[in-house]
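Q: I have a model open and would like to learn how to read it piece by piece. Could you walk me through it?

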Amino acid sequence: MVLTLTDLNVVDAPCCPPIAQDRIPAETAAVLAPAFKALGDPVRLQLMSMIASADGGEICVCDLTPAFDLSGPTISHHLRTLREAGLVSADRRGTWVYYRARPGIMRRLAALLTVTDPA
């Protein structure tokens with residue numbers, strides 16, 4: 001059986017203990033790895049930051065593209081990668097697409113990377 005982000009119930013509880021606390025199960029690692037891989041590109045990391053910090057929780061592709069010295073198709077490729085990794089959702093309105101961060105997966109990734117100082 002292949003797990004997906006939906007199977008991990010991304011919206012609710014953390015998927016697993018932080019990696020500094022316990023070993024992550026192989027199945028969970030396989031599901032979350034594409035999100036980390038997508039964020040491993042500087043342009044995608046900047047796009048994710050712009051989307052996650054957008055006023056009103058969403059941003060139009062028309063506001064994202066001019067922020068980079070890249071072609072529209074290149075920006076579209078990066079946005080598709082973020083979408084396929086489950087990090088953002090998209091909504092077409094007329095000729096424009098609006099992007100929103102998916103807070104559930106963002107919380108999962110953050111919880112997985114949480115490190116506490118030993119007491």
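Q: Let's begin with secondary structure: how many helices and strands does the protein chain have?

A: This is a predicted model, and in it the protein chain has five helices and three strands. Reading from the N terminus, the elements follow the order α-α-β-α-α-β-β-α.

Q: How do strands come together in a sheet, and in what order do the three strands lie here?

A: Strands of a sheet pair through backbone hydrogen bonds, in either a parallel or an antiparallel way. In this case the sheet is open, its order is S1-S3-S2, and the pairing is antiparallel. Strand S1 (59-60) and strand S2 (88-93) are at the edges with a single partner strand each, so one side of each has no neighbour in the sheet.

Q: Which residue in S3 is the bridge partner of Cys-60?

A: That partner is Tyr-98. S1 and strand S3 (residues 96-101) are joined by two bridges in the antiparallel sense.

Q: What lies across S2 and S3?

A: Helix H4 does, and it runs at about 125° to S2.

Q: How can I check a helix's length, say that of helix H1 (residues 26-39)?

A: Count 1.5 Å a residue and compare the expected span with the distance between the end C-alpha atoms. The 14 residues of H1 should span 20 Å, and the ends are 20 Å apart, so the two agree.

Q: Where in H1 does the kink lie?

A: Look at Leu-32, where the kink is about 35°; the proline Pro-34 follows shortly after.

Q: Which residues of H1 are buried, and what covers them?

A: The buried ones are Thr-28, Val-31, Leu-32, Ala-35, Ala-38 and Leu-39. Leu-32 is thus both the site of the kink and one of the buried residues. The cover over the buried residues of H1 includes helix H2 (42-52), helix H4 (72-84) and helix H5 (103-112).

Q: Is Thr-81 buried or exposed?

A: The cut-off for buried is under 20% relative accessible area. Thr-81 has 18%, so it counts as buried. Thr-81 sits in helix H4 and, leaving aside residues up to four places away in sequence, touches Ala-38 and Arg-44. Ala-38 is itself among the buried residues of H1.

Q: What do the totals for the protein chain add to this?

A: Of its 119 residues, 33% are buried. The protein chain exposes about 7300 Å², with 56% of that supplied by carbon and sulfur atoms. Among contacts with a separation of 6 or more, 61% are between residues 24 or more positions apart.

Key. Residues numbered from 1 in each chain as written. Predicted model: local features only at pLDDT ≥ 70, side-chain atom pairs only at ≥ 80, totals over all residues. Heavy atoms only, no water. Helix = DSSP H or I, 4+ residues; strand = E, 2+ residues; numbered from the N terminus. Expected span 1.5 Å × (residues − 1). Bend = angle between axes of the 7 residues up to and from the residue. Buried < 20%, exposed > 50% of the residue type's maximum accessible area, 1.4 Å probe, protein only. Contact = heavy atoms within 4.5 Å. Pairing = 2+ DSSP bridges. Axes fitted to C-alpha atoms, helices over the stretch in contact; angles between N-to-C directions. Areas by Shrake-Rupley, 256 points an atom, 1.4 Å probe, with all protein chains shown as cover.
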